[in-house]
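Biologist: Before we go through this together, could you show me the sequence and the model, and then let me ask how each kind of feature should be read?

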Amino acid sequence: IAFVVMGNVFPPDKDVHATYDLKGSTAGRVVSDAEIAAAGGPSGNVVLKDLNWLRAGHRLRLGPRKARLLLDQLALDVAFLRANGIMDYSLLVGCHDLPTSNLRNIRAATLAVFEPNIANITMNARQRRRRATSSSSMSSASIASISSADRAATRLSLSHSASVPALPPASADDEPARAAAAVPPVDDRPIATAATPPTSVLPPLPATSSLSAPRLPASQPPERTRARFYRELGGLLATDARDLPDGSELYFLGVIDIFTRYGPAKRAEHAWKSLFAADPRAISAVNPAAYADRFLRFVQGAVDS
């Protein structure tokens with residue numbers, strides 16, 4: 001089993017006023033005005049797509065230096081994905097309007113941070129172990145009692161049978177008979193099992209979750225300040241042709257959805273959608289080589305250097 005842990009593209013201390021998922025495809029890649037309005041506008045809980053980006057005339061204003069850095073890095077990433085038969089990935093773009101900043105406190109309604117509460121996790125684990133141990137002990141004791149009672153009942157039935165002579169009183173050597181006579185009446189309550197756990201063994205586990213929800217951090221993690229594409233207030237500042245920040249926007253960028261191979265399902269999707277598309281090359285599901293070329297062309301056209 002392989003695990004991939006990915007960091008959040010958006011920082012926790014900045015509102016994201018518009019979010020775009022860009023694949024380079026234009027066939028059906030649009031969120032309607034009604035959907036945008038229902039979500040509370042572009043800054044609501046809605047991810048806009050390629051046609052929304054084009055219709056808004058949006059551009060990533062990065063200046064010559066940062067534009068070159070971004071495009072060179074994307075070319076390397078896309079070459080790796082292409083070589084591994086991966087397609088359907090996106091460039092996730094978050095736009096933070098610097099004049100508006102965090103005045104609307106959008107992230108409070110769209111983000112949450114969860115951290116393990118070690119005290120609760122430890123307590124709950126101990127109680128589960130104690131409950132399991134107690135259940136196992138009760139089950140063993142009940143089964144042992146029933147087995148002893150069955151042996152006693154069998155011995156008494158034989159001793160009173162008309163066809164079998166009465167047995168003499170138990171001698172000192174007859175420990176099984178003495179033990180059977182001492183067995184208490186069988187308890188007819190249900191036996192504790194995994195399906196019917198014993199009652200009143202331990203108090204119920206606390207209803208509180210082992211995860212607590214602390215407040216959102218007031219600043220970005222320190223390691224992001226050392227990353228090339230996150231060091232400017234958690235992202236890349238909009239920059240003019242002289243490579244100077246223009247004070248308009250802050251961009252958060254990252255390639256996401258990087259695990260889809262061009263297998264039978266995607267091949268079938270391409271064949272089916274090609275029957276109805278005006279331009280089969282514009283649909284999302286295309287082979288990795290075509291996808292990579294189209295993706296890079298779209299991003300290059302979206303960057304204003």
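Modeller: What follows is a walk through the fold, one sheet, two of its strands, the largest pocket and two loop residues.

Biologist: What kind of model is this, and how many helices and strands does the chain have?

Modeller: This is a predicted model, and its chain has eight helices and eight strands. Buried residues make up 33% of the 305 residues in the chain. Among the contacts with a separation of 6 or more, residues 24 or more positions apart account for 77%.

Biologist: How should I read a sheet, and what is the strand order in the open sheet of four strands?

Modeller: Begin with the order of the strands and the direction of their pairing, and then look for the edges. Here the order of the open sheet is E1-E3-E7-E6, with antiparallel pairing. Strand E1 (18-22) and strand E6 (236-239) are the edge strands, each of which pairs on one side only. On average, and with direction ignored, neighbouring strands of this sheet are turned by 30 degrees against each other.

Biologist: How many bridges join E1 to E3, and how many join E3 to E7?

Modeller: Five bridges join E1 to strand E3, residues 90-97, and the two run antiparallel. Along that pairing, Thr-19 stands opposite Gly-94 in E3, while Asp-21 stands opposite Leu-92 in E3. On the way to E7, eight bridges join E3 to its antiparallel partner, and in E7 the bridge partner of His-96 is Leu-250.

Biologist: Which way do the residues of E1 point, and are they buried or exposed?

Modeller: The general idea is that in a regular strand the side chains alternate between the two faces of the sheet. In E1, Ala-18, Tyr-20 and Leu-22 point one way, Thr-19 and Asp-21 point the other way, and all are buried. The strand as a whole is mostly covered, with five of its five residues buried.

Biologist: Why can E3 be called largely enclosed by the rest of the structure?

Modeller: The reading rests on counting buried residues, where buried means under 20% relative accessible area. Seven of the eight residues of E3 are buried, and therefore E3 is largely enclosed by the rest of the structure.

Biologist: Which residues does Leu-253 touch, if those up to four places away in sequence are not counted?

Modeller: Leu-253 lies in strand E7, and because its relative accessible area is 7%, Leu-253 is buried. With those sequence neighbours set aside, Leu-253 touches Val-9, Leu-60, Leu-70, Leu-91, Leu-92, Val-93, Tyr-230 and Leu-236. Leu-253 and Phe-229 are 24 residues apart in sequence, and their C-alpha atoms are 7.7 Å apart in space.

Biologist: Which strands does helix H3 lie across?

Modeller: Helix H3, residues 63-83, lies across E3, E6 and strand E7 (245-256), and it runs at about 130 degrees to E6.

Biologist: What is the volume of the largest pocket, and which residues are the closest to its centre?

Modeller: For a pocket, it helps to take the volume, then the lining, and then the elements that supply the lining. The largest pocket has a volume of about 550 Å³. It is lined by 23 residues, of which Met-6, Asp-77, Gly-254, Val-255 and Ile-256 are the closest to its centre. H3 and E7 each supply at least two residues of this lining, and the largest share, six residues, comes from H3. By class, the lining divides into 15 nonpolar, five polar and three charged residues.

Biologist: Where does Ser-101 lie, and what is its phi?

Modeller: Ser-101 lies in the loop between E3 and helix H4 (107-110), and it has a positive phi of about 55 degrees although it is not a glycine. Its relative accessible area is 30%, so Ser-101 is partly exposed.

Biologist: In which loop is Asp-257 found?

Modeller: Asp-257 is found in the loop between E7 and helix H7 (264-274). Although it is not a glycine, Asp-257 has a positive phi of about 55 degrees, and because its relative accessibility is 41%, Asp-257 counts as partly exposed.

Terms used
Residues numbered from 1 in each chain as written. Predicted model: local features only at pLDDT ≥ 70, side-chain atom pairs only at ≥ 80, totals over all residues. Heavy atoms only, no water. Pairing = 2+ DSSP bridges. Axes fitted to C-alpha atoms, helices over the stretch in contact; angles between N-to-C directions. Contact = heavy atoms within 4.5 Å. 1 Å grid on protein atoms, 1.4 Å probe; cavity = no way out; pocket = protein on both sides within 12 Å on 5 of 7 lines; lining within 4 Å. Points joined across faces, edges and corners; volume = space filled by probe spheres on them. Nonpolar A, V, L, I, M, F, W, Y, C, P; charged D, E, K, R; others polar. Buried < 20%, exposed > 50% of the residue type's maximum accessible area, 1.4 Å probe, protein only.
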